[in-house]
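Thanks for making time this morning. I want to walk you through two interfaces. Please have the model open.

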Amino acid sequence: MSFLLSYLVLATIYSIAALSTNLLVGIIGIFSVSQAAIIGVGAYTVALLAGVVPFPVAMLVAVVLCALVNVLLALPSLRVAGDYFVVTSFGCQLVATAVFINWDTLTGGASGIVAIPAPSLFGFTADTPQTFLVISTIALLAACAGFWLLMRSPFGKIVHAIREDETAVLAAGKNVLRAKVSVSAVSGVYAGLAGGLYATFLNFIDPPSFDLHVSILILTMLVVGGARTLAGSIIGPFLLLALPQLLNLVAVPPTMAGPLRQFIYGALLIAFMLFRPQGIAGRRL
Amino acid sequence: MTLEVRKLTAGYRNKIVITDVSFELAPGSIMAFFGHNGAGKSTTLKTILGALSPVEGEVWLDGERIDRLPIPERIARGIRYLPDSRGVFPDLTVEENLDVVARMNAADSGARIAVADVLSMLPLLEARRGSYAGTMSGGQQQMLAFGLALLGSPRCILLEEPSVGLQPDLVEMLFGEIRRICAKHAISAILVEHKIASAMAISDHVLIMNNGAVVFDGPPAKARESNFWEFF
Amino acid sequence: MLFLQLLVDGLVSGCAIGLVAVSFSLYYSTTRVFHVAHAGIYTLGGYLAWYGAMQGIPFAIACALAVAGAAFAGAVIQRFLYDELERREATPLVMLIASLGALAVLQNGVAMLFTPNILQFPNPWRTRMLDLGIASVSYAQVLVAASGLAAFGALMWMSRRTLLGRRIRAVASNPFLAEITRLGPRSVYLAVMAIASAMAALSGIMVGLDQAMQPYTGVLVLLTATIAVIAGGIGSLTGAFVVAVALSVLQNVALILMPGRWSIAATFALFVVFILVKPEGLFRKR
């Protein structure tokens, strides 16, 4: 039972992460393999502040910080040509991992941070999977509502129009830059939210929780579910998080489990790009 | 006839651009091809080249139907195409440009124009043979693009706005070379051009299109008297 | 002297990174596909050669087989992934995600076939040292430098002097014209991929011989290499090689001032400043 519950909690958290990536990759159309790094920034921030300040304050700081970092990282993509940004994105991810591992006085180095207190809100502490599921579901619903509203806001419409015809949007005198920055700020907020929830749910974080493989996992979730739609960002995580459980049914040596999982993610990315780039419930990338 | 275009209808996905276009081109003759932007000149050339497939109609070259062949097969049979810009390999020298195209097409049969022939026909290229094409002026690049089209056994050269960005004296010189070489080697040419007077001066034949259809087909003298100039 | 030793070490490993940079640059400037799976080919090469060496095959032959194997793997990716995607008119974003998928498949395929743990070549001579007076280098390091310089030289010669080299430069500079002059862009892409993959594999083998191998380190190498490609000026093979060597020397010499674990962060910070100041690269393309 608690096994199923923690699957559900993690799936809601990864859905928020997938929405964050969706805003960048699907909506603005910039490639990102550094979303795990941003989520990591949120997770470490909450983990470090959770015992010091009330949970909502820690969360707020994480969310604002992640929004700032995400905008900062997305900015070059608005200025330099597309492929430069691939390098920037890879670089950010690898540097973030290096920082998580090596700034050990702050991050606990390779052993990470343990005993992160469970979130408490108005005297109510979410220290069981049941109660946490309530919190993470509310967070996901809020994120979905935010995504839905953003897509219908003027910013969402501009960003959508840019996909159709960028020059026409520019010619119409719309502020393309501001729309893109706003969307990436919201993407950062989601990443911070996902990171904070992740840290307080598992009570433990370490650098591998936020490395390149996790970025690829989130991207795979998005691609399998389908980019550019709300449904896609939720279908993907729920499906892909079930995969490790399925693999448990096959006898795989423990050292091979990780590579096998990642191998399958890679194969899924290739297969979907070749045969169904819009994913299960998305739109054309 | 070198080239015969019969009742050609073509266009892009969901959009027919030209309908029922027919004309013929005699060996060694030059056809000036006029019409305003969007009239269908480029679409016609691209369909002859093979970059677009026709919805209906046929294209024949030297008595062989070619409209279902892929581009390289048509090139092998003597179709040549000069895009309106970027008709050369900028990172290669003049000599390398000619050499690479000549060697990759060396297996073709028929009367051959070799690199040395091109260099002697177009002395301007001989003088710049070691220069990188990307560093040359627009006129020199256009000359090289024409030189590339001459390699092998060209039968029909499709020229897309060759005078764009060239100074008037260079246009006269380039057109003079085109006239002289086409006549000498019995190569036909279709010349899509905005510089009407210059193009008419070297043409045997004028075709005018409007809204995807041929509205005039005849000799230059008759074209001058016609009232189709209102399109321009 | 520590400084000279670090300088020499930097030059040596720069030759290996330079090979990755040059091969990436060759492929990228010809096809405009940002081939991140190149890092996986680099890894694959090293592991194939290690496997051969473990079977008792002489190192040179194991090396040649591994290079051929990697070239073949690259050609498969070109033919069945990138060509297919291009035929379907995939956007650059879709190509990139597919390439990332290929990277994950290659790295984790290697991890599953061999081992996810750190490996070393069994050949005992690789650690034998050679005293150069100002610094000393291992036999493996000599091979790293020699193979890097030789492969770079061979590529430059091929590019300038052979028909294939001219075709590659022609296709890179004007793909449409290459199509209508029958230069065969498709087969050029395939050839370029095979050549680039062979070079990356050679680098992966030599670095594995000199140091050790792990399936996931290729990405870090590729990051440094792509930084060199951009900083060197896209399309300039010499620029990519020279900047890669310079970066490697810088990373090594900086060890005097700061621990090695920060070197990737420092390199990357330098890169970010660089693209803001001089986005066209050091070596301007002609």
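Let's begin with one pair of side chains. Glu96(B) makes a salt bridge with Arg169(C). The closest N and O atoms of Glu96(B) and Arg169(C) are 2.9 Å apart. Keep in mind that this is a predicted model.

How many salt bridges are there between chain B and chain C? The count is three. Polar contacts come next. Across the interface of chain B and chain C, 10 residue pairs are in polar contact, both partners at pLDDT 80 or more.

Now, which elements build chain B's side? Helix 2 (71-76) and helix 3 (94-104) of chain B are the elements that give two or more residues to the side touching chain C. Helix 3 of chain B brings the largest share, six residues. By class, that side of chain B has 16 nonpolar, three polar and seven charged residues.

Next, the extent of this interface. On chain B, 26 residues are in contact with chain C, and chain C answers with 19 residues. Together, chain B and chain C bury about 2200 Å². Carbon and sulfur atoms make up 60% of that area. Three residues deserve a name here. Phe89(B), Asp91(B) and Met104(B) supply 28% of what chain B buries against chain C. No other three residues supply more.

On to the second interface, chain A with chain C. Here 40 residues of chain A and 42 residues of chain C take part in the contact. The area buried between chain A and chain C is about 3600 Å². Of that, 82% comes from carbon and sulfur atoms. Again, three residues to look for. Tyr84(A), Val87(A) and Leu274(A) give 18% of the area that chain A buries against chain C, more than any other three residues.

And how many salt bridges are there between chain A and chain C? Zero. For polar contact, the count between chain A and chain C is two residue pairs, both residues at pLDDT 80 or more.

Where does chain A's side come from? Helix 4 (82-102), helix 10 (212-225) and helix 12 (254-275) of chain A each supply at least two of the residues touching chain C. The classes on that side of chain A are 31 nonpolar, seven polar and two charged.

To recap the salt bridges: three between chain B and chain C, zero between chain A and chain C. For carbon and sulfur, the shares are 60% of the area buried between chain B and chain C and 82% of that between chain A and chain C. That's my tour.

Conventions. Residues are numbered from 1 along each chain as its sequence is written. Chains are lettered from A and ligands numbered from 1 in the order in which they are written. This is a predicted model: local features need pLDDT of at least 70, side-chain atom pairs count only at pLDDT 80 or more; totals for chains, interfaces and linings use all residues. Side-chain values use heavy atoms; hydrogens and water are left out. Contact means heavy atoms within 4.5 Å. Buried area is the accessible area (1.4 Å probe) that two parts lose on being put together, summed over both. A salt bridge is a side-chain nitrogen of Lys or Arg within 4 Å of a carboxyl oxygen of Asp or Glu. A polar contact is a pair of N or O atoms within 3.5 Å; within protein, one must be able to donate a hydrogen and the other to accept it, and residues adjacent in sequence count only if both atoms are side-chain atoms. Helices (H or I, at least four residues) and strands (E, at least two) are DSSP runs, numbered from the N terminus. Ala, Val, Leu, Ile, Met, Phe, Trp, Tyr, Cys and Pro count as nonpolar, Asp, Glu, Lys and Arg as charged, and the others, Gly among them, as polar.
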